[in-house]
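Please look through the sequence and the model below before reading on. The paragraphs that follow lead from charged pairs to a sheet, a helix and the nonpolar interior.

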Amino acid sequence: MVGTRNEALIKEELVRYISSLGLEVRTATKARGNRGFFKVGRIDVSKTLDDKSAVRTLVHEFSHYIHHKLDKSLKSLDKVLVEDSQQLRDELLEVTYFVDENSLCTKLNRENEKLKKNIKTLTDEIRHEYPKFSANDDLKEFKKYSRWSDLRYLEKYDRVKIQSLSSDKIYSVDNVSCDFPDIPEVFVYYLKLKSDLRKRAKISRRMSKLNRYYSEPCELFARFIEGIYIDMERVKTVAPTAFNNFLKLYGENKYSGMREVFAILRIII
């Protein structure tokens, strides 16, 4: 149960209480470009956040502090939630998805699907002239055509600057038909295909990095506690095992400072 909350007052109370534990709490920094961060002995919260967001960030970073007290490596869940199973991690990811919508990678998935369709269309266009062509292939006919031309650089780069004694030239895949007016259309498709493949690979790397980040035990636990603050009933529904395990340790007073923080947040369990 969560009572009526005044975010500004709660923020002040949280800062005072967390500071009383010997932690330095900074609320006037850029937090290294993040919403906030925790390191031993210190919590930073970005000065750009409003009171509501600052409270959520304080809860999140304080959860890292609690995790660190129970597990210095911040890499296990069994020490903070009784067990570390795939079921538990799946539940915590469900909490993460509603606590932080960025974890769903919606925009990246949408862009990835768009590129996937573009790649198929471009591959089909190229196959009209080169039936055996595959999207993962290099087109040897293009290599032969562009061997002695600046055009060859666009096979690997979306935009290039060629320096010379007389003048510098800038070429791009988007403008290739104007930069090289005699280029066969099939080679334009090929260069656009290569560009889209690079973009898709970049998105895949970005998504993999985000998925690894959101799946880290310390992040799963922090968003779990943040979720209890945001909507405890929803956490109970999507993460029953995690919540019951949390209650067990909470009842045993394993979480140093958690009761006091929950009291400030007006959370009643």
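A salt bridge is counted here when a side-chain nitrogen of Lys or Arg lies within 4 Å of a carboxyl oxygen of Asp or Glu. By that criterion the structure, which is a predicted model, holds 15 salt bridges. The general background is that side chains of opposite charge can pair when their charged atoms come close.

One of these pairs is formed by Arg89 and Asp84, whose side chains meet with a nitrogen-to-oxygen distance of 2.8 Å. Buried residues are those under 20% relative accessible area, and exposed ones are those over 50%. Arg89, at 24% relative accessibility, therefore counts as partly exposed, and Asp84, at 34%, counts as partly exposed as well.

A second pair sits in other surroundings. Arg223 and Asp100 form a salt bridge in which the closest N and O atoms are 3.6 Å apart. This pair links distant parts of the chain, since Arg223 belongs to helix 9 while Asp100 lies in the loop between helix 4 and helix 5 (106-127), with the two positions 123 residues apart in sequence. Both Arg223 and Asp100 are buried.

In a third pair, Glu155 forms a salt bridge with Lys143, and here the closest N and O atoms are 3.0 Å apart. Glu155 lies in the loop between helix 6 (140-146) and strand 4 (159-162), whereas Lys143 is in helix 6, so the pair ties together parts that are 12 residues apart in sequence. With a relative accessibility of 10%, Glu155 counts as buried, while Lys143, at 35%, counts as partly exposed. Salt bridges can also share partners, and in this way Asp100, Glu219 and Arg223 are joined into one network.

Arg223 appears again in the surroundings of Thr96, a residue of helix 4. Leaving aside neighbours within four places in sequence, Thr96 is in contact with Ser103, Tyr214, Leu220 and Arg223. At 0% relative accessibility, Thr96 counts as buried.

The next feature to find is a sheet. Three strands make up an open sheet in the order 1-3-2, with mixed pairing. Strand 1 (24-29) and strand 2 (36-39) stand at its edges, and because each has a single partner strand, one side of each is left without a neighbour in the sheet. Ignoring direction, neighbouring strands of this sheet are turned against each other by 15° on average. Strand 1 and strand 3 run parallel and are joined by four bridges, and Val25 stands opposite Ile43 in strand 3.

The loop between strand 2 and strand 3 is the place of Gly41, which at 34% relative accessibility counts as partly exposed. Apart from its neighbours within four places in sequence, Gly41 is in contact with Gly22, Leu23 and Glu24. By contrast, the C-alpha atoms of Gly41 and Leu108, which are 67 residues apart along the chain, are separated by 35 Å.

Helix 2 can be checked against its expected length. At 1.5 Å a residue, its 20 residues should span 28 Å, and its end C-alpha atoms are 29 Å apart, which agrees. This helix is mostly covered, with 15 of its 20 residues buried. Thr57 lies in helix 2 and is buried, with a relative accessible area of 4%. Beyond its neighbours within four places in sequence, Thr57 is in contact with Arg35, Gly36, Val45 and Leu49.

Which residues touch the most other members of the largest nonpolar core? Of the 47 residues in that core, they are Phe224, Ile228, Phe246 and Leu265. The elements that give two or more residues to this core are helix 1 (7-20), strand 3 (42-46), helix 2 (51-70), helix 3 (78-81), helix 4 (86-99), helix 9 (217-238), helix 10 (240-251) and helix 11 (258-264). Helix 9 gives the most, with eight residues. Ile228, once its neighbours within four places in sequence are left aside, is in contact with Val235, Phe243, Phe246, Phe262 and Ile267. Apart from this core lies another, of 23 residues, among them Phe142, Ile162, Val186 and Leu193.

Note on methods:
Residues numbered from 1 in each chain as written. Predicted model: local features only at pLDDT ≥ 70, side-chain atom pairs only at ≥ 80, totals over all residues. Heavy atoms only, no water. Core = buried A, V, L, I, M, F, W, Y, C linked by side-chain atoms within 4.5 Å. Buried < 20%, exposed > 50% of the residue type's maximum accessible area, 1.4 Å probe, protein only. Contact = heavy atoms within 4.5 Å. Pairing = 2+ DSSP bridges. Axes fitted to C-alpha atoms, helices over the stretch in contact; angles between N-to-C directions. Expected span 1.5 Å × (residues − 1).
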